[in-house]
Amino acid sequence: MKLYQVSGYQEMCQKAAALLCSQIAEKPNSVLGLATGSTPIGVYKLLVQAHERGEVSFGPLTTFNLDEYCGLGKSDPQSYYYYMNENLFGSVDIDSTRAFIPNGKAEDIAAECAAYEEKITAAGGIDLQILGIGNNGHIAFNEPGEFFEKHTHCVDLDEKTIAANARFFTHPEDVPRRAITMGIKTIFAARKILLLANGAGKKDIMQLALHGPITPKVPASILQLHPDLTVIWSAE
Ligand code: PGA
């Protein structure tokens, strides 16, 4: 594990954006795994700026997002599809036919999950996966539980996750209860993983995830075993 302990959100974002730009420079047709949430917003902003300066092209990339809420469509401002367009895809030269996000409105969710997994395999697997971490230790929407869920699946969200996500919704009852998420095995299969964590609120869970026992009760703890994990952590 490479651990960068940085001072503040901006430094975390700069370091992460620099690593992503190097990945794209080294392999312009990389397959990137992308995350949503508040943590990577500043990273995406810096990538958009780098693109505007002509320093990076997203054209040859393929991307897979980690997760999507069940029941939210592309035009719903709370969907991760909408988030990606707002924060990155709408401002760069990404090929939208190769920017994949699970379809939260799929009629057959199980088939959607299986197809998503197949698309990742067909793309040759993920070169670099960006991850945030939930207050409960989740990565993507792999919630604490009795075992590690392997593949892309539909999940009932944890009460802590629903409470944490309520800040993005006008009415707490609008927060979706279910989501499609890549599984732990899907994430773990990425050749490189970049875990980002920001703020004092993540301090305890980061200590547990990086230095505590490896257990499905703290899903991020599995990352201790990954052969190419980089962590950028601002604990302020
Ligand atoms: P956050 O969420 O970036 O909004 O803190 C992270 C997560 O829940 O994975």
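**Group meeting: a walk through the model**

Let me start with one residue: Ser79 is buried, and its relative accessible area is just 1%. Before going further, please keep in mind that this is a predicted model. Ser79 belongs to the loop between strand 4 (67-69) and helix 3 (80-87). What does the side chain of Ser79 reach? It reaches the backbone nitrogen of Tyr82, at 3.1 Å. Leaving aside residues up to four places away in sequence, Ser79 touches Glu68, Leu72, Gly73 and Lys74.

Now let's step back to the whole protein. It has 7 helices and 10 strands. The radius of gyration is 16 Å, close to the 18 Å that the globule rule gives for 236 residues, so the protein is as compact as a globular protein of that length. If you like to picture a box, the C-alpha trace spans about 45 × 40 × 35 Å along its principal axes. Of the 236 residues, 51% count as buried. And here is a number about how the chain folds back on itself: take the contacts between residues at least 6 apart in sequence, and 79% of them join residues at least 24 apart.

On to the inside. How many residues does the largest nonpolar core have? The largest one has 60 residues, and Leu88, Leu195 and Leu223 are those with the most contacts inside it. Taking Leu88 as our example, and again not counting residues up to four places away in sequence, it touches Leu34, Tyr44, Leu47, Val48, Phe58 and Tyr83. There is also a second, separate core of 10 residues, and among its members are Leu157, Ile162, Phe169 and Val175.

Next, the charged pairs. Searching the whole structure turns up 6 salt bridges. One of my favourites joins Asp127 and Lys27, whose closest N and O atoms are 3.0 Å apart. This pair links distant parts of the chain, 100 residues apart: Asp127 is in the loop between helix 4 (109-122) and strand 6 (128-131), while Lys27 is in the loop between helix 1 (9-26) and strand 2 (31-34). Are the two partners buried or exposed? Asp127 counts as buried, at 5% relative accessibility, whereas Lys27 is partly exposed, with a relative accessible area of 32%. Arg191 joins in too: Lys27, Asp127 and Arg191 are linked in a network of salt bridges.

Two other pairs deserve a mention. Glu55 and Arg53 form a salt bridge with their closest N and O atoms 2.7 Å apart, and both residues are exposed. Then there is Lys217 with Glu146, a salt bridge at 3.6 Å from N to O. Lys217 sits in the loop between helix 7 (203-211) and strand 10 (229-234), and Glu146 in the loop between strand 6 and strand 7 (153-156), so this pair ties together parts that are 71 residues apart in sequence. Lys217 and Glu146 are both exposed.

Last topic, for the cysteine fans: the structure holds 0 disulfides. Cys13 is in no disulfide, and the nearest cysteine sulfur, that of Cys21, is 13 Å away. Cys13 counts as buried, at 0% relative accessibility. Cys154 is in no disulfide either; there the nearest cysteine sulfur belongs to Cys70, 3.8 Å away. Cys154 counts as partly exposed, at 26% relative accessibility.

That's my tour, and thanks for listening!

Conventions: Residues are numbered from 1 along each chain as its sequence is written. This is a predicted model: local features need pLDDT of at least 70, side-chain atom pairs count only at pLDDT 80 or more; totals for chains, interfaces and linings use all residues. Side-chain values use heavy atoms; hydrogens and water are left out. A salt bridge is a side-chain nitrogen of Lys or Arg within 4 Å of a carboxyl oxygen of Asp or Glu. Helices (H or I, at least four residues) and strands (E, at least two) are DSSP runs, numbered from the N terminus. Buried means under 20% relative accessible area, exposed over 50%, partly exposed in between (1.4 Å probe, protein chains only). A polar contact is a pair of N or O atoms within 3.5 Å; within protein, one must be able to donate a hydrogen and the other to accept it, and residues adjacent in sequence count only if both atoms are side-chain atoms. Contact means heavy atoms within 4.5 Å. A disulfide is a pair of cysteine sulfur atoms within 2.5 Å. A nonpolar core is a set of buried Ala, Val, Leu, Ile, Met, Phe, Trp, Tyr and Cys residues joined through side-chain atoms within 4.5 Å. The radius of gyration is taken over C-alpha atoms; the globule rule is 2.2 Å times the number of residues to the power 0.38.
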